[in-house]
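Subject: Structure handover

Hi,

Here is the structure for you to take over. My notes on it follow below.

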Amino acid sequence: MPREKLTNIKIPSLDDDIFVSDEKKAIDTAEKIIQVPLDKIDDFKNHPFHVREDAEMLDLIDSVARIGVLSPAIIRPKSDGRYEMVAGHRRKFACLKNKKNMIPCQIRDLNDDEATIIMVDTNLRQRQNILPSEKAFAYRMLMDAMKRQGQRTDLTFGPVGQKLNSLQKISSDVGESAKQIQRYIRLTYLNEDLLDYVDQNRIALRPAVEISYLTQEEQSILLLYMERNDCTPSHDQAIRMRKLHDTDQLNELSIKNIMDEEKPNQVEKFKISKKRIERFFSPKTSAKEIENEIEKALEFYQRHKNRIKNRDAR
């Protein structure tokens, strides 16, 4: 080979890949943890989990104040140069409460479905107190994401040995029965006020599921009756309302007839016509507020009677 052609041969530098150790390559390709300004991170779109300043959160705020954020948040880049929080909403809140400007993060390039699956999974695993409404929308978002990823999402069980469908997969991951997950997902069809009743433990899960099959108009009629009479339907009453709905026979009168029935072990209630007292209250006053005001008025009246009695006895 002619000597001048040897000068055209490129000799690799020390920076070339063939001289880089496997360990260094692993470090370079690993997800790096960086500090990201809090004001550049937006909340996850339609995030189903609330950030509440409860005892659990107060502990986290105190921990961040003392030792900082130990587990980095997971964020993904947005097209406008900002970031979207995938996992770490509570840590972000704790940082803000401690007047911190930055939070340690892992930046991942995730599509919508990948981000949804990680968001739901981390919240279900890490949170101690989860409301029924939070589980409801989280499970529904997870099912939808898995469906779009091409996994089976039929809600029936196949023969033994068949590939797990999405519902069974979620059940296995979160340790909750498939039927229970289905019940939670049904809660997403309740109107917001009725869902609040479930979160407040004023309506149990199973009657709430039956009510979720009613139309929004039927749910509103039921809610109005509940508010006026300070009551909630039993499971049996909810089942019967759903059956009437299925046969197009559910209306305001049938809802009233079912709800007026005395439940087993129900404490006897004293009833007074609303027309007799409505002039003392605004039209939007709830039954519970009316009851409280009447109780206060009776207590005041009783004290007044006692004062007169004591005065006359002197």
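I start with helix α7, residues 166-174. Its buried residues are Ser-166, Leu-167, Gln-168, Ile-170 and Ser-171. These buried residues pack against two helices, α6 (132-148) and α8 (178-186). Just after α7 comes Gly-175, with a positive phi of about 75 degrees. Please keep in mind that this is a predicted model.

Next, the sheet. It is open and built from 5 strands. Their order is β1-β5-β3-β4-β2, and the pairing is mixed. β1 (33-37) and β2 (41-42) stand at the edges. Each has a single partner strand, so one side of each lacks a neighbour in the sheet.

β3 covers residues 73-77 and β5 covers residues 102-107. The two pair in the parallel sense, over 3 bridges. Within this pairing, Ile-74 has Gln-106 of β5 as its bridge partner. Ala-73 stands opposite Cys-105, also in β5.

Two helices pack on the sheet. Helix α4 (residues 89-97) touches β2, β3, β4 (83-87) and β5. The direction of α4 makes about 115 degrees with that of β4. Helix α5 (residues 112-126) touches β3 and β4. For α5, the angle with the direction of β4 is about 45 degrees.

How much of β3 is buried? The strand is mostly covered, with 4 of its 5 residues buried.

β3 also pairs with β4, in the antiparallel sense and over 4 bridges. Here the bridge partner of Arg-76 is Glu-84 in β4. The two strands form a hairpin, with 5 residues between them. Gly-81 lies in the turn and has a positive phi of about 90 degrees.

Now the aromatic side chains. How many aromatic pairs does the structure hold? The count is 1.

Tyr-213 deserves a line of its own. Which charged ends sit over the ring of Tyr-213? One belongs to Arg-186, at 3.8 Å from the ring centre. Another belongs to Arg-242, at 3.6 Å from the centre of that ring.

To recap the main points for your own pass:

- The buried residues of α7 pack against α6 and α8.
- β3 pairs with β5 in the parallel sense and with β4 in the antiparallel sense.
- Helices α4 and α5 pack on the sheet.
- The ring of Tyr-213 has the charged ends of Arg-186 and Arg-242 over it.

Over to you.

Best wishes

Notes:
Residues numbered from 1 in each chain as written. Predicted model: local features only at pLDDT ≥ 70, side-chain atom pairs only at ≥ 80, totals over all residues. Heavy atoms only, no water. Phe/Tyr/Trp six-rings, centres within 6.5 Å; stacked < 30°, edge-to-face > 60°. Lys NZ or Arg CZ within 6 Å of the ring centre and 35° of its normal. Pairing = 2+ DSSP bridges. Contact = heavy atoms within 4.5 Å. Axes fitted to C-alpha atoms, helices over the stretch in contact; angles between N-to-C directions. Buried < 20%, exposed > 50% of the residue type's maximum accessible area, 1.4 Å probe, protein only.
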